[in-house]
Amino acid sequence: MTSSTPTSPTTPTSRGGGFGESALTTPVSPITNTPLKQFHSYPYTNPPIHILQTVTIWLPRPLEDSDPNSTKWLIYLHGGAWRDPECSSKQFIPTVNYLDQLSDPATMSAIAGFASINYRLSPYPPPAAHPSDPSDPYRNVQHPTHLNDVCVALAYLSARFRIEDYGWVGIGHSAGATLWTQLLSDVDVGTVPRPSAAVRGSLSGLVLLAGIYDLPLFLELHRAPLVDAKTQRIYEQIVTGAFGEDPVGWAVASPANARYVGEEWPALGLVVLARSKGDQLVEEEQDAEIEAVLRQQGWVGEGEEDGGRGRRRKLWVRQLEGGHDEVWQSNKGQIAGLVQEVFSRLGFLQAPLIKME
Ligand SMILES: N[C@@H](CC(=O)c1ccccc1NC=O)C(=O)O
């Protein structure tokens, strides 16, 4: 297989989602008056302290006009190799806008709200466009602190928006897909409680984009002579920065080595694994591994029998187009299309309303 060089940390990126216009500086208005294209970031810690511990919310309509029986929440976890401050909750904006403006309106009618979670990051040493200050406690954390923040954010979404009354679908890109699969499994989440039974029981679908599921394999595929020494060093920094120096820790934190207790997420009926052949940063072996692991643990592929076990856990594989970070950009509405497909499969789309002239 061939591997190519990841985004050079020295290259400033023109991607959206940077810290330039801080989400926290956006004035917070009463949630029920939030127009869709405006987003509002809410601190999920008490006391509210830092932008990296916020969740960004978009509402298609005042929340009280969304019927919990017929609308769902979509909850996004961004990537960025656990360290890149240019990658944030704003990665979800292209998908939100696509669903708002270009998708079949039936999908938007079935969405109560979009939430995109920021979490504390791991060290990003220089040279980098935005290196972390070694004394910044928000940009020098390690696993399981990222997961710890995701758990706190989900508890906040439950307390403030009652996501469990609506039901929800999770979406994650790259390290964000790693975080969702870790959360679903028995990987350590730190000192905070795991999501409540109500929150776990209301997750019905998961869309995993370009995820990293086996950290030792991630390093193996980016070691000389497969890649040049500089690229090898970047991948080593990513993994040691986020998971420490001990290789045992890398294996223990890897979703591919974990157990998935379906009963703990009883409504989860569909997991979608999606990646692009044009992904230059994360290899297809990652998806192949997690697919095999989920199959061993009870998920069944599309169009396959479930062996009479009566399980409802389906595993879909989908192809995307573009480079690693292009898949979440509006790129032909790929992610919006997946959301629509998942909503349709899960029975969330209602017959379109007939307009009265
Ligand atoms: N932009 C990131 C690179 C990055 O996101 C990445 C690089 C290689 C493999 C996976 C990556 N992202 C996963 O979340 C950085 O500058 O570190």
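Two residues are taken to be in contact if their C-beta atoms, placed from the backbone, lie within 7 Å. By this criterion, in the predicted model analysed here, Leu 208 is in contact with Gly 172, Ala 177, Trp 180, Thr 181, Val 271, Val 272, Leu 273 and Ala 274, residues up to four places away in sequence being left out. Leu 208 also belongs to the largest nonpolar core, which has 93 residues. The members of this core that touch the most other members are Leu 74, Val 150, Ala 153, Val 207, Leu 208 and Val 272. Helix α3, residues 145-161, makes the greatest contribution to the core, with 9 residues. In soluble globular proteins, nonpolar side chains tend to be buried together.

The UniProt record, an unreviewed entry, assigns the feature "active site" to Ser 174, Asp 279 and His 324. These positions span 151 residues in sequence, but no two of their C-alpha atoms are more than 10.7 Å apart, so the three residues gather at one spot. Ser 174 lies in the loop that runs between β5 (168-173) and α5 (175-184). Because 30 other C-beta atoms lie within 10 Å, Ser 174 is buried. Apart from residues up to four places away in sequence, the contacts of Ser 174 are Gly 79, Ala 210, Gly 211, Ile 212, Val 282 and His 324.

Asp 279 is located in the loop between β7 (270-276) and α10 (284-296). Asp 279 also counts as buried, since it has 23 C-beta neighbours inside 10 Å, the cut-off for burial being 20 or more. With residues up to four places away in sequence again excluded, Asp 279 touches Ala 210, Gly 323 and His 324. Contacts with Ala 210 and His 324 are thus listed for Ser 174 and for Asp 279.

Helix α10, which bounds the loop of Asp 279, consists of 13 residues. From its first C-alpha to its last, α10 reaches 19 Å, close to the 18 Å expected at 1.5 Å a residue. Buried positions in α10 are Gln 286, Asp 287, Ile 290, Val 293 and Leu 294. These residues cover an arc of only 130 degrees around the axis and therefore lie on the same side of α10. Ala 292 and Gln 296, on the other side of the helix, are exposed. The elements covering the buried residues of α10 include α5, α7 (215-220), β7 and β9 (314-320). After α10 comes Gly 298, which has a positive phi near 110 degrees.

Notes
Residues are numbered from 1 along each chain as its sequence is written. This is a predicted model: local features need pLDDT of at least 70, side-chain atom pairs count only at pLDDT 80 or more; totals for chains, interfaces and linings use all residues. UniProt positions are given in the numbering used here, feature names are shortened, and annotations may be inferred rather than shown by experiment. Helices (H or I, at least four residues) and strands (E, at least two) are DSSP runs, numbered from the N terminus. A residue is buried if 20 or more other C-beta atoms lie within 10 Å of its own, exposed if 12 or fewer, and partly exposed in between; C-beta atoms are placed from the backbone. The expected span of a helix is 1.5 Å times one less than its number of residues. The arc is that of the directions from the helix axis to the C-beta atoms. A nonpolar core is a set of buried Ala, Val, Leu, Ile, Met, Phe, Trp, Tyr and Cys residues joined through C-beta atoms within 7 Å.
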